[in-house]
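Here's a quick briefing to read with the structure open beside you. Take it topic by topic and look up each spot as you go.

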Amino acid sequence: MSGSSWLAFIGLGSNVGEKRKNLEQALDALQRAGVQPVLQSSLYRTEPVDLLDQEEFMNQVAGCRSPLPLERLLGLCLEIEQALGRLRTRDKGPRLIDLDLLLYRDEVRRSAGIEVPHPRMHLRRFVLVPLVEIAPGAWHPVLKMTAADLLARCPDRSRVEPLAV
């Protein structure tokens with residue numbers, strides 16, 4: 001089991017407007033709600049996956065210490081997206097901000113509106129590269145592998161480039 005199993009890992013992404021500012025505002029909103037980002041990956045420029053005819057993304061992963069139960073943390077992520085102006089106009093389409101709860105401690109939940117660990121995280125380099133940067137030993141409780149192992153086996157070959165500071 002990973003030493004970071006007490007953390008919730010949240011993937012952040014934006015491909016509309018001031019992408020860096022959108023990610024910063026989302027992290028600030030998490031902090032104001034009592035969710036402490038204690039690990040933050042670099043920012044990455046990533047090409048779109050699934051729906052290719054859209055702007056490139058800026059992505060990041062944060063490891064957060066959270067006093068909130070899983071359901072409330074997931075709800076908070078959706079509230080922050082709405083508060084920052086996210087409009088869901090197209091499935092997998094452009095987004096001002098996207099917050100995905102990737103891992104929550106070592107919990108596994110599959111119920112209405114809740115899928116943790118994130119069901120596609122092991123298929124997405126834009127999630128795994130920043131996650132491995134901050135927590136290579138983060139444990140996927142369903143696949144029984146570390147984030148580093150998931151990245152090594154990831155079939156996705158999309159471009160994920162660190163941004164200069």
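Let's start with Asn15, which counts as buried because its relative accessibility is 3%, under the 20% cut-off used for that label. Keep in mind that this is a predicted model. Asn15 sits in the loop between strand 1 and helix 1 (19-32), and its side chain has some polar partners worth a look, listed just below.

**Around Asn15**

- The side chain of Asn15 reaches the backbone oxygen of Glu55 at 3.0 Å.
- A polar atom of that same Asn15 side chain also lies 2.7 Å from the backbone nitrogen of Arg95.
- Leaving out residues up to four places away in sequence, Asn15 touches Gln54, Glu55, Glu56, Phe57, Pro94 and Arg95.
- So both of its polar partners, Glu55 and Arg95, turn up again among the residues that Asn15 touches, because contact means heavy atoms within 4.5 Å.

**Strand 1 and strand 4**

- Phe9 has its place in strand 1 (residues 8-14), and with 2% relative accessibility it counts as buried.
- How far apart are Phe9 and Val61 in sequence and in space? They are 52 residues apart along the chain, but 6.8 Å apart from C-alpha to C-alpha.
- Gln60 is found in strand 4 (residues 57-65).
- Is Gln60 buried or exposed? Gln60 is buried, with a relative accessible area of 6%.
- The Gln60 side chain reaches the backbone oxygen of Ser41 at 3.0 Å.
- Setting aside neighbours within four places in sequence, the contacts of Gln60 include Ile10, Gly11 and Leu12, residues that fall within strand 1 (residues 8-14).
- Other contacts of Gln60 include Leu23 and Leu27, along with Gln40, Ser41, Ser42, Leu43 and Pro130.

**Helix 3 and helix 4**

- Helix 3 (residues 125-134) is largely enclosed by the rest of the structure, because 8 of its 10 residues are buried.
- The buried ones in helix 3 are Phe126, Val127, Leu128, Val129, Pro130, Leu131, Val132 and Ile134.
- Pro130 from that buried set is also one of the residues in contact with Gln60.
- Leu150 belongs to helix 4 (residues 147-153), and it is buried too, at a relative accessible area of 5%.
- Leu150 and Val129 are 21 residues apart in sequence, and their C-alpha atoms are 9.9 Å apart in space.
- Not counting residues up to four places away in sequence, Leu150 touches His122, Leu128, His140, Leu143 and Met145.
- One of those, Leu128, is among the buried residues of helix 3.

**Backbone details to spot**

- Which peptide bond is cis? The one from Val116 to Pro117 is, with omega near 0°.
- Pro117 lies in the loop between strand 7 (114-116) and helix 3.
- Arg105 has a phi near 50°, which is a positive value in a residue other than glycine.
- You'll find Arg105 in the loop between strand 5 (98-104) and strand 6 (109-111), where it counts as partly exposed at 33% relative accessibility.
- Lys144 also has a positive phi, near 55°, and again this is a residue other than glycine.
- Lys144 is in the loop between strand 8 (139-140) and strand 9 (145-146), and at 55% relative accessibility it counts as exposed.

**The whole chain**

- The protein chain has 4 helices and 10 strands.
- Along the sequence, these follow the pattern β-α-β-β-β-α-β-β-β-α-β-β-α-β.
- The radius of gyration is 15 Å, close to the 15 Å that the globule rule gives for 165 residues, so the chain is as compact as a globular protein of that length.
- Its C-alpha atoms fill a box of roughly 40 × 35 × 35 Å along the principal axes.
- Buried residues make up 48% of the 165 residues.
- Of the contacts between residues at least 6 apart in sequence, 68% join residues at least 24 apart.
- The chain exposes about 8,100 Å², and carbon and sulfur atoms supply 52% of that.
- There are 22 positive and 21 negative side chains, and the centres of the two sets lie 2 Å apart.

Notes
Residues numbered from 1 in each chain as written. Predicted model: local features only at pLDDT ≥ 70, side-chain atom pairs only at ≥ 80, totals over all residues. Heavy atoms only, no water. Helix = DSSP H or I, 4+ residues; strand = E, 2+ residues; numbered from the N terminus. Rg over C-alpha atoms; globule rule 2.2 N^0.38 Å. Buried < 20%, exposed > 50% of the residue type's maximum accessible area, 1.4 Å probe, protein only. Areas by Shrake-Rupley, 256 points an atom, 1.4 Å probe, with all protein chains shown as cover. Lys, Arg positive; Asp, Glu negative; His and termini not counted. Charge placed at Lys NZ, Arg CZ, Asp CG, Glu CD. Polar contact = N/O pair within 3.5 Å; in protein donor to acceptor, adjacent residues only side chain to side chain.
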